[in-house]
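Work through the following exercises with the sequence and the model beside you. Try each task before you read its solution.

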Amino acid sequence: MSELRTVGKRVPRVDARAKVTGTAVFAADFSLPGTLHGRIVRSTEPHARLVVIDTRRAAALPGVRAVITAADIPDVRYGGALKDETVFANDRVRYVGQPIAALAATSQAAAEAAAAAIEVRYEPLPAVFDVEAAMAPGAPLLHPDWETYTAIPLLKREGNVCNRARIVAGDVERGFEEADRIFEHRYTTAMVHQGYTEARAALASWDGSGQLTVWSNTQLPFEVQNTLAEILQVPPGKIRVVVTAIGGGFGGKLRVGVEHFAALLAKKAGRPVKILTTTEEELVASYPRQSTVIDLRTGVTKDGRIVAKQGRIVFDTGAFAGSGPGVASVATLVLAGPYRIPNLLIEGLAIYTNKTNCGSYRAPSGPQASFAVESQMDEIADALGLDPLELRLRNIVRDGDEGPTGQVLSSVGLEECLERAAAAIGWGERRPAPGRGKGIACGWWTTTGGSSGVYVKLNADGSVALSTGAAEIGSAALTGAAQILAEELGIDVADITLVSADTFATPFDFGAQGSRTAFAVGNACRIAAAEVRRQLFALASRELGVSEDRLALGERHVSGGGERIALADLARIANQTGGGIIAHGTFIAPPTPYDEKRVEAHVYPAFHSPSFHAHAVDLSVDPETGDVEIHRYVVAQDVGRAINPTYIEGQIEGGVAQGLGQALSEEIVYRDGRVLNPNLTDYKMPTAVDVPRVESILVEHPSVVGPYGAKGVGEPPNIEPPAAVANAIAAATGVRIRSLPITAEKIVTREASACR
Amino acid sequence: MKVTVSLNVNGEAWELSIEADRTLLDVLRTELMLTGTKTNCLEAECGVCTVLVDGMAVNSCTVLAVTAQGRQITTIEGLARDGELHPLQQAFIDRGAVQCGYCIPGMILSAKAFLDEHPSPTDGQIREALAGNLCRCTGYQKIVDAVQDAARVLRRERRR
Ligand code: FES
Ligand code: FES
């Protein structure tokens, strides 16, 4: 391949200037003349029959323009794989924070006064807050009518279990018979929030023709469009969703958030309505990461070969399925791990409880499952007297190996990731001083499929407009796509204007999720670029009298046969004579073959263009306080091909920071169905003094499908931190903490009990 | 009850009639339409609402607008001069310190107040100074690097 001009270069992101000058317009900033303030009234009971909802007093207050409850709207159940959710609680509430009513008023103060004036009376029902209690016979059912709900047929459901996904490979019992040692452990993880700095926000406005426009900070405009169509009983063709700048998403803004409330209120009030979620609402009633209980039973030979693994990961999905059925499926692939294990029986369950509805958070299920798998790898290594790195190297997958569901793996950079991360952290000295230790963890993840379309249009000045239905959530993935387009057209990224995410104006995109944006949109750009070239060469050939096969594109010109013509001239000619130069590029990742016999009730049976990674950390633990000080943190990640190293490092540094939060401090604390810490004082996210410098090593084993070999990079850095940290803490202290977060308090009490 | 307040924002004088209990953040965003100052926790816990009042970084969500009367208020919109970016803004771009961007106005203003007092900081001092500004995207590293770069540029400018 000839030298690349733009791909692989540290090009600044296209939206950087708007973002440093405060001119980028986020959903929280957006307003229209006459916009009303919307507010949601939420349940204060975890499980109760709704006896009375009286809105009369609220509706009569000054400034109030609309009040709605379940009685005012179409009776619709919506959702992803399982349609179990309603806009408002109808006859019963199922969690503290569940919407009961919504209202719109001319000022924030009037909206608050009205919310306080709504009278709700409850009759408490027995509630269940724990997954094991919820699975026990005779447990209170969250959804007594669960059998009547619409769901994708492959889910396996029963009472409070809203999916039970499985991987079965080989014969796990026979495998355990071959094992010299069998290890059994339980790990638990807490509910955590994505922590985006801009809360979910939307503004909805209906025009006289019955068309709805919603400006939102959603990651998935097309999904929101369809969900709104379902809820409002209006055709999608009447619903325009426009994505504003997004103040972070990390999976928390995938599904409809406040758009439906804004749309319903705007319809009733006849005026635009904006809703901006409060921090308290975010921590009480959003789509956080599920807490889990994980059991692992692993059989190994004396020389450290894993011969059998039985595992079960149970997700507390809250009062509705949310992303649970899918996340429980994905989890099984992470729980099997990036290891060659002939005999597997892995289960992922999503369970209803009386808590907020959980969703997706950057590499959904990844950190929880990885925490268990990679903690246990170290426990096994210690018991066998093997080096943890060596145990991994003896079991990891390599090119040509099968994944847990039989997919054949290629371009596996895992060994290189492990070796390089270990070398960088100075693995030879694992316990350099008393109270100091190093930990390592590795893993794999998918590059989510789904289709992407782009329009690429030549502007009158010879610059190019790239129009995509994918949203920019901050990762700079669309800058990556623009780099790919620029490379293909021989122009600079500065020559590209980005038009992003408007369900009426831009082509379909499966959405900014699953580490797929640069990958899929980038590939669509390549296809579109080929078509743009074809159109340009046909026109230039006519204009220059040079045959197409002698033409080349570069420096904003088409040239050949000693002649050249500027793109601006070609654009002008095309605009005058043929409707301009425009191309539609589309891409969908090819299916990844797997062994169908190995999976049951599985929504995500194989990892597409999988990425591989290893994290290594060097830290000290203060024996008195339990405080953890991180000295160094190294990530080696197989990115396939680094389209823009700067922003890949950015993904790694940011993903590690979030992962350290989950590892050490973050937890949405529930007691009896109520969140005890719904504020940023008590929900502790890492600040600049908590996060160490992260050293990124970009390993490149190109994907055959990815643009220029790229693999998905956004989610993986969030997966391994809890496991790497847990392993380092164990190395430093000799104490193994099997529950997240690993707070100072847990370390001190366990250390104390270990010494006794 | 409404009161009359005169505010000086980014060198411009404003005369406003507002309720006495409104925060500076609210007035900047909804009266002056300066939405570059961001809103989030409203409890002085995240720093996205940071502005400069007489050169000091404050969380505008917990400052009453009336108390800012007679002081010089700088928001992110007032940082670039005649279309030329402030060295901090340029450094944030060059270092790739911007992701979603929502924390960035507050981050840049906190950094400016800090660098005005500490022209040659260590990384650790920068981290301390920015500890009140949450960023969920970047892991802070490129932000710290950008602040160091800007500090170098500003020192050079001062010497000139
Ligand atoms: S909004 Fe002011 S500190 Fe969070
Ligand atoms: S760049 Fe997104 S919060 Fe800082």
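**Exercise 1: two helices that cross**

In chain B, the axes of helix 3 (residues 104-117) and helix 5 cross at roughly 45° and come within 11 Å of each other. The model is a predicted one, in which local features need pLDDT of at least 70 and side-chain atom pairs count only at pLDDT 80 or more, while totals for chains, interfaces and linings use all residues. Residues are numbered from 1 along each chain as its sequence is written, chains are lettered from A in the order in which they are written, and side-chain values use heavy atoms, with hydrogens and water left out.

Task: classify the crossing of helix 3 of chain B and helix 5 of chain B, and say which residues meet there.

Solution. Begin with the classes of angle: under 35 degrees counts as roughly parallel, over 145 as roughly antiparallel, 65 to 115 as roughly perpendicular, and the rest as oblique. Helix 3 of chain B and helix 5 of chain B are therefore oblique to each other. Next, list the contacts (heavy atoms within 4.5 Å): B:Ile104, B:Met107, B:Ala111 and B:Leu115 in helix 3 of chain B meet residues of helix 5 of chain B that include B:Ile143, B:Val147 and B:Arg158. Finally, sort the residues of this contact, which divide into nine nonpolar, no polar and one charged.

**Exercise 2: a second partner**

Task: describe how helix 2 of chain B packs against helix 5 of chain B.

Solution. Helix 2 (residues 87-94) of chain B and helix 5 (residues 141-159) of chain B pack at an angle of about 140°, and their axes are 8 Å apart. This angle makes helix 2 of chain B oblique to helix 5 of chain B. The contact of these two helices divides into 10 nonpolar residues, no polar ones and two charged ones.

**Exercise 3: a residue in the core**

Task: which residues does B:Val147 touch, not counting residues up to four places away in sequence?

Solution. B:Val147 touches B:Leu88, B:Phe92, B:Ala111, B:Leu115, B:Ile126 and B:Leu130. In the largest nonpolar core, of 169 residues, B:Val147 is one of those with the most contacts inside it.

**Exercise 4: buried or exposed?**

Task: decide whether A:Glu132 is buried, partly exposed or exposed.

Solution. Buried means under 20% relative accessible area, exposed over 50%, and partly exposed in between (1.4 Å probe, protein chains only). At 34% relative accessibility, A:Glu132 therefore counts as partly exposed. Leaving aside neighbours within four places in sequence, A:Glu132 is in contact with A:Arg186 and A:Arg312.

Definitions and conventions
Axes are lines fitted to C-alpha atoms, for helices over the stretch in contact, and angles run from 0 to 180 degrees between N-to-C directions. Helices (H or I, at least four residues) and strands (E, at least two) are DSSP runs, numbered from the N terminus. Ala, Val, Leu, Ile, Met, Phe, Trp, Tyr, Cys and Pro count as nonpolar, Asp, Glu, Lys and Arg as charged, and the others, Gly among them, as polar. A nonpolar core is a set of buried Ala, Val, Leu, Ile, Met, Phe, Trp, Tyr and Cys residues joined through side-chain atoms within 4.5 Å.
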